[in-house]
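Subject: A structure for you to look through

Hello,

I am passing a structure on to you, and I hope you enjoy exploring it. Please open it first, and then read my notes alongside it.

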Amino acid sequence: MVASVPWAEPGSRFTRDFEAECAWLMTVANQKTVSGFLHVSWRTAGTVARRVAERVKASMPSPFDGLHAIGVDETSHRKGHTYITVVVDHERHRVIWAHDGVGGDVFDLFFKALTPEQHASIRVVTGDGARWIDPCVGRWRPNAERVLDGFHIVSWMTDALDKVRKRLWCFASMFVRQVRQCFSVVWADGFPRCRHRFPVM
């Protein structure tokens with residue numbers, strides 16, 4: 001005999017509260033630790049976490065609905081040898097899509113996952129100066145405004161300022177060395193004397 005109860009999912013041997021606790025622990029600890037803490041098998045802990053994730057995903061609206069301003073960037077992991085492309089929603093301040101790889105082909109996969117209505121809602125696309133972003137945005141959202149994100153603008157300005165600082169420091173150091181070579185201090189009258197004659201301009 002099978003009965004439906006409000007505190008458990010069909011086919012599950014655990015209560016909803018227990019499954020929620022297991023899924024939360026999986027976000028802060030590895031699967032082996034969680035299975036030992038809750039006294040369940042390693043496989044059971046993984047199954048429970050997947051079931052909770054599917055249940056939460058089904059109850060949530062699509063992360064692609066209501067997109068107005070998105071940002072795209074690539075980041076590396078595994079000591080910089082592997083790249084992933086990440087798309088964020090600027091208004092809700094969250095990651096909405098990520099995929100292995102980098103480049104226009106990968107960014108195309110994001111736009112292919114959207115419906116026509118979701119495409120039309122995007123008005124602003126931010127990103128760095130990567131060459132593959134503009135052609136991809138032009139293909140999928142030609143009317144969207146392309147904006148350089150503030151993080152990279154500040155980073156580029158800082159790098160440019162650092163180059164100017166280094167150039168001025170080198171010039172000042174060279175000037176000081178030349179002055180030291182040119183003048184010798186004569187302490188008899190307290191005034192320096194130039195050891196070289198300069199042409200009168």
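Below is what was found, going from the whole protein to single residues.

Please keep in mind that this is a predicted model.

The whole protein

Let's start with the overall build. The protein has seven helices and seven strands. If you walk along the chain from the N terminus, the elements come in the order α-α-α-β-β-β-α-α-β-α-β-α-β-β. Of the 201 residues, 28% are buried. The accessible surface is about 14800 Å², and carbon and sulfur atoms account for 61% of that area. Among contacts with a separation of 6 or more, 36% link residues that are 24 or more positions apart.

The sheet

Next, try to find the sheet. Five strands make up an open sheet with mixed pairing, and their order is β3-β2-β1-β4-β5. Which strands sit at the edges? They are β3 (94–100) and β5 (145–148), and each of them pairs on one side only. From one strand to the next, the twist averages 25 degrees.

Inside this sheet, β1 (residues 69–77) and β2 (residues 82–89) run antiparallel and are joined by eight bridges. If you want one pair to look for, Glu74 stands opposite Thr85 in β2. Helix α4 (residues 104–112) packs on the sheet, where it touches β1, β2 and β3. The direction of α4 makes about 130 degrees with that of β3.

Phe64 and its contacts

Now zoom in on Phe64, which is in the loop between α3 and β1. Is Phe64 buried or exposed? Its relative accessible area is 11%, so Phe64 counts as buried. Leaving out residues up to four places away in sequence, Phe64 touches Ile96, Trp97, Phe110, Ala113, Leu114 and Gln118. Take Leu114 as an example: Phe64 and Leu114 are 50 residues apart in sequence, yet 6.9 Å apart in space, C-alpha to C-alpha.

Three histidines

Here are three histidines to click on. His152 belongs to helix α7 (residues 150–182). With a relative accessibility of 12%, His152 is buried. Again without counting residues up to four places away in sequence, His152 touches Asp73 and Asp128.

The next one, His39, is in the loop between α2 (31–38) and α3 (42–59). Its relative accessibility is 72%, so His39 counts as exposed. The phi angle of His39 is near 60 degrees, a positive value in a residue other than glycine.

His93 is found in the loop between β2 and β3. At 71% relative accessibility, His93 counts as exposed. Phi of His93 is near 55 degrees, which is again a positive value in a residue other than glycine.

The cysteines

Last, a word on cysteines. How many disulfides are there? The count comes to zero, using a cut-off of sulfur atoms within 2.5 Å. Two cysteines to look at are Cys22 and Cys170: Cys22 is buried, with a relative accessible area of 0%, whereas Cys170 counts as exposed at 51% relative accessibility.

Happy exploring, and do write back with any questions!

Best wishes

How values were computed
Residues numbered from 1 in each chain as written. Predicted model: local features only at pLDDT ≥ 70, side-chain atom pairs only at ≥ 80, totals over all residues. Heavy atoms only, no water. Helix = DSSP H or I, 4+ residues; strand = E, 2+ residues; numbered from the N terminus. Buried < 20%, exposed > 50% of the residue type's maximum accessible area, 1.4 Å probe, protein only. Contact = heavy atoms within 4.5 Å. Areas by Shrake-Rupley, 256 points an atom, 1.4 Å probe, with all protein chains shown as cover. Pairing = 2+ DSSP bridges. Axes fitted to C-alpha atoms, helices over the stretch in contact; angles between N-to-C directions.
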